[in-house]
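Subject: Structure handover

Hello,

Here is the structure for you to look over. My notes follow below it.

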Amino acid sequence: MRILFLTHSFNSLTQRLFVDLTEEGHEVSIEFDIADSVTEEAVALFQPDIILAPFLKRAIPDAVWRNNVCLVIHPGIVGDRGPSALDWAIQRGENEWGVTVLQANAVMDGGDIWAAETFPMGLAKKSSLYRNQVTEASSRAVKTAVARYLQGGFQPCPLKEWPGARGKEHPLMRQADRKINWESDDTQTVLRKIHAADGFPGVRDELFGSNCYLFDAHAEPGMAGRPGALLGWRGHGVVRATRDGAVRIGHVRRPDGEHTFKLPASVAFASESESLPLLDDTGADGIRYEEADSVGYLYFDFYNGAMATAQCRLLLDAYRKACARPTRVIVLMGGEDFWSNGIHLNLIEAADSPADESWNNIQAMDDLAEAILRTTSHLTIAALAGNAGAGGAFLALAADLVWARPGVVLNPHYKNMGNLYGSELWSYTLPRRIGAAQAQDIMQNRLPLGAEQARRMGIVDACFGTDMESFRSEVKKRALELSVMPDYEGRLAAKAEMRRCEESIKPLVLYREFELAEMRRNFYGFDPSYHYARYQFVHKTPHAWTPRHLCRHRDNRQS
Ligand code: COA
C-alpha cells in the first residue's frame with residue numbers, strides 16, 4: 001500500500017511509524033506540512049492509498065481530506081480533543097491515557113475512530129511519555145487501522161457511538177494554566193506543571209530576576225527552605241524550595257538572554273551562579289553505577305541524550321572506574337528516553353567559539369569510544385532502552401555487543417547535520433559489522449532504522465523485551481549469563497587477540513585521525529554547512545521544504 005505521511009517534522013513518532021510500516025511492506029513517502037498547495041501537490045504526485053498524519057500543527061486542507069482517507073494520530077483517549085492533550089493529562093494526573101486514530105474531517109480531532117489504544121501513565125515528562133508510551137500505543141493503533149483499511153469494508157466508529165468514551169475537548173494550554181505558585185504549590189504539583197511543558201514550551205517563570213522557561217525538573221528529597229527560595233546549585237541545576245520540599249531545575253530557556261534556546265541552568269545563568277552555594281552534587285550529573293554479581297551497570301541519563309564535553313569526561317572517568325572493578329561484564333545502560341544523541345549541539349552553539357567547542361566535544365566522545373573499544377579486561381554491552389542518533393548510535397557500536405529494545409529507533413548517520421563526516425571511530429566499527437558497501441549506504445541514505453531491522457543487518461546483536469521494564473530485566477539476566485558462561489575467559493582472550501590483530505593491521509588511532517581530519521574541515525573549513533545546520537537545529541527553524549531523501553514521490557517525478 002502507498003502511505004503518505006503528512007507531518008510537521010520527521011520526529012521520533014513519525015520515524016517509528018515509518019520504520020513499522022516500511023517493515024510491513026508498505027511504500028511510505030513523507031511530506032512536511034508547509035503549505036496547503038505543497039500538500040495537494042504531494043498527494044497528486046504520490047497517489048497514496050491513505051494519508052497518515054502522525055504530528056500535525058495545522059488542519060489538513062479540505063480538498064485533501066475530502067478526497068482521500070486521512071488518518072490523524074491524536075495523543076489522547078477517545079473523545080479527547082485539542083492541541084494540548086498530553087499537557088492537560090499530565091497536569092490532571094491521569095492514571096491512564098491513550099492514543100486515538102481518527103479520520104480527518106471538518107472538525108479538528110472530531111472524526112470517526114479507526115483504532116484506539118490506552119496505556120498506564122505515571123508522573124513523567126511530556127517528551128518522555130511521547131517518545132515511549134504514546135509512540136508504542138500509536139504503533140499498535142496505526143497497525144490496526146492500516147490492517148482494517150487493507151481488509152476493506154471497515155466502518156470507522158463515530159465518537160457518539162464509542163462505548164464509554166470519557167475524553168473531552170480542552171483548549172490550548174496557556175502559560176497562565178502552567179503558572180507555578182511557589183508559595184502554595186507542593187513538590188508534586190511543581191513537578192507536574194514542569195513535566196507537562198517539557199520539552200516544549202516550558203513553564204514561564206523567573207530566576208535571578210530574569211524571565212525564563214523551566215524544563216528538566218527533579219524532586220530533591222531531603223531539601224527544603226522558604227517556598228520559592230533558591231537554595232543552591234546541584235550539578236548544572238538550580239535547586240528551588242517548594243511548599244513542602246524542593247525541586248532541581250536542570251534546563252532553562254531565556255527568551256531575552258544572549259542565547260534564546262534551551263541550556264543547562266548553570267550555563268544560562270553563568271554570571272549569576274556565584275550568588276548561590278554549591279550543594280553536594282552526587283548523582284546530579286545523570287551518571288550512576290550499579291553492580292550486581294559480576295556485572296557493572298553504567299547509567300548515563302543525559303537530558304535529550306546530548307553529551308557535552310564535560311559529561312563525556314565524567315562518563316569516561318566512571319567507565320574507567322567500572323573497568324577497575326573485579327567484575328566481568330560492563331553494561332552501558334544510557335538513559336531511558338535516549339541512549340545517546342552525540343555531541344551537545346546547544347552547548348556548542350552557545351560557546352564563544354562553536355568550532356573549538358565542537359572539536360573539544362568530539363575529542364571527548366572519541367576518547368570514550370576508544371576506551372570502550374580498547375577494553376580487554378571486561379566484555380562490554382551497549383543496552384539501548386531508548387533511541388540513539390548520530391555519534392550516540394556509533395558510541396554504542398564501540399561495545400562488544402549491542403542489545404536493543406524492539407521499539408528503539410537508530411539514526412546511525414551524521415549527514416543530516418550539515419553533511420558532518422562523523423567520528424566516534426565509526427569508520428572502524430560500522431564496516432566491521434556490516435561491510436563497507438552497506439556502511440556506505442546507511443551513511444548516505446540518512447534514514448532511521450528500527451532495532452529489528454538493525455539486528456538483521458548486524459548493527460544490533462539482539463533485540464528483546466516488550467517494554468522498558470522487561471527489556472532492562474532481560475538485559476540483567478543475559479549479562480549475568482554472559483559473566484558466568486563456562487568459556488568466559490576464552491571469549492575475553494579471543495576478544496583481546498582480535499583487537500591486537502586488528503590493531504596490527506590498522507591502528508585505531510589512524511581511523512580516528514582520518515575521521516578527525518574530516519571533522520576539522522567540517523568545523524573550521526570554508527563550507528559552513530555544519531554551522532548552518534546546527535543553528536537551524538538548535539533554534540528550531542521551521543522546515544521550508546521536505547528533504548529529498550524523505551519525499552520519495554518527488555524523486556518519482558524526476559524519473
Ligand atoms: N544536542 C543537543 N540537543 C539535542 C541533540 C544533540 N546532539 N540531539 C537531540 N537534541 C534535542 C533536540 O533539540 C530536542 O530538544 P527539545 O527538548 O527542545 O525538544 C530533543 O533533543 C529531542 O530531539 P528531537 O529531534 O525532537 O528528537 P527526535 O527523537 O525526533 O529525533 C534525532 C532524534 C537524533 C534524529 C535528532 O534529535 C537529531 O538529529 N539530533 C542531532 C544528532 C546530531 O547530529 N548530533 C551531532 C553529531 S554527533
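A polar backbone atom of Leu345 is 2.9 Å from a nitrogen atom of the ligand. Please keep in mind that this is a predicted model. Ile343 also makes a backbone contact: its N or O atom lies 2.8 Å from a nitrogen atom of the ligand. Lys262 uses its side chain instead. An N or O atom there is 2.7 Å from an oxygen atom of the ligand. On its own, the ligand would expose 850 Å². The protein buries 85% of that area.

The ligand shell

The ligand is surrounded by 23 residues. Closest are Ser12, Lys262, Asn304, Ile343 and Leu345. Sorted by class, the shell has eight nonpolar, 12 polar and three charged residues. Two helices each supply at least two of the shell residues: H1 (12–23) and H10 (345–350). Where does the ligand lie with respect to domain 1 and domain 3? Domain 1 (2–160) and domain 3 (287–524) both give residues to the shell, so the ligand lies between them.

The second largest pocket

This pocket holds about 1300 Å³ of space. Its lining counts 45 residues, and those closest to the centre are Ser128, Asn132, Asp301, Glu336 and Asp337. Several elements give two or more residues to this lining. The strands are E6 (113–120), E8 (210–219), E11 (246–253) and E13 (287–292). The helices are H5 (126–151) and H16 (468–484). Which element gives the most to the lining of the second largest pocket? That is H5, with eight residues. By class, the lining of the second largest pocket splits into 13 nonpolar, 17 polar and 15 charged residues.

Cavities

How many cavities of 30 Å³ or more does the structure hold? There are three.

The largest cavity has a volume of about 70 Å³. These residues line the largest cavity:
- Ser12, Arg16, Arg131 and Asn132 are among them.
- Thr135, Glu136, Asp337 and Gly386 are also among them.
- Asn387, Arg405, Gly407 and Val409 belong to the lining too.

H1 and H5 are the elements that give two or more residues to this lining. H5 gives the most, with four residues. The classes in the lining of the largest cavity are one nonpolar, six polar and five charged. Domain 1 (2–160) and domain 3 (287–524) each contribute at least three residues to the lining of the largest cavity.

Some names come up again here. Ser12 lines the largest cavity, and Ser12 is also listed with the residues closest to the ligand. Asn132 and Asp337 line the largest cavity, and both are listed with the residues closest to the centre of the second largest pocket.

The second largest cavity has a volume of about 50 Å³. Its lining includes Ile77, Val78, Gly79, Asp80 and Arg81. Thr100, Leu102, Asp109, Gly110, Gly111, Ile113 and Leu159 line the second largest cavity as well. In this lining, five residues are nonpolar, four are polar and three are charged.

Backbone points to check

Most residues other than glycine have a negative phi, and most peptide bonds are trans. A few places in this model are worth a look for that reason.

Which peptide bonds are cis? One runs from Asp198 to Gly199, with omega near -5°. Another runs from Phe200 to Pro201, with omega near 0°. Gly199 lies in the loop between helix H7 (187–195) and strand E7 (203–207). Pro201 is placed in the loop between H7 and E7 too.

Gln47 has a phi near 50°, which is a positive value in a residue other than glycine. Where is Gln47 placed? Gln47 is in the loop between helix H2 (36–46) and strand E3 (50–53).

Best wishes

Note on methods. Residues numbered from 1 in each chain as written. Predicted model: local features only at pLDDT ≥ 70, side-chain atom pairs only at ≥ 80, totals over all residues. Heavy atoms only, no water. 1 Å grid on protein atoms, 1.4 Å probe; cavity = no way out; pocket = protein on both sides within 12 Å on 5 of 7 lines; lining within 4 Å. Points joined across faces, edges and corners; volume = space filled by probe spheres on them. Nonpolar A, V, L, I, M, F, W, Y, C, P; charged D, E, K, R; others polar. Near = heavy atom within 4 Å. Polar contact = N/O pair within 3.5 Å; in protein donor to acceptor, adjacent residues only side chain to side chain. Areas by Shrake-Rupley, 256 points an atom, 1.4 Å probe, with all protein chains shown as cover. Domains from an automatic or database assignment.
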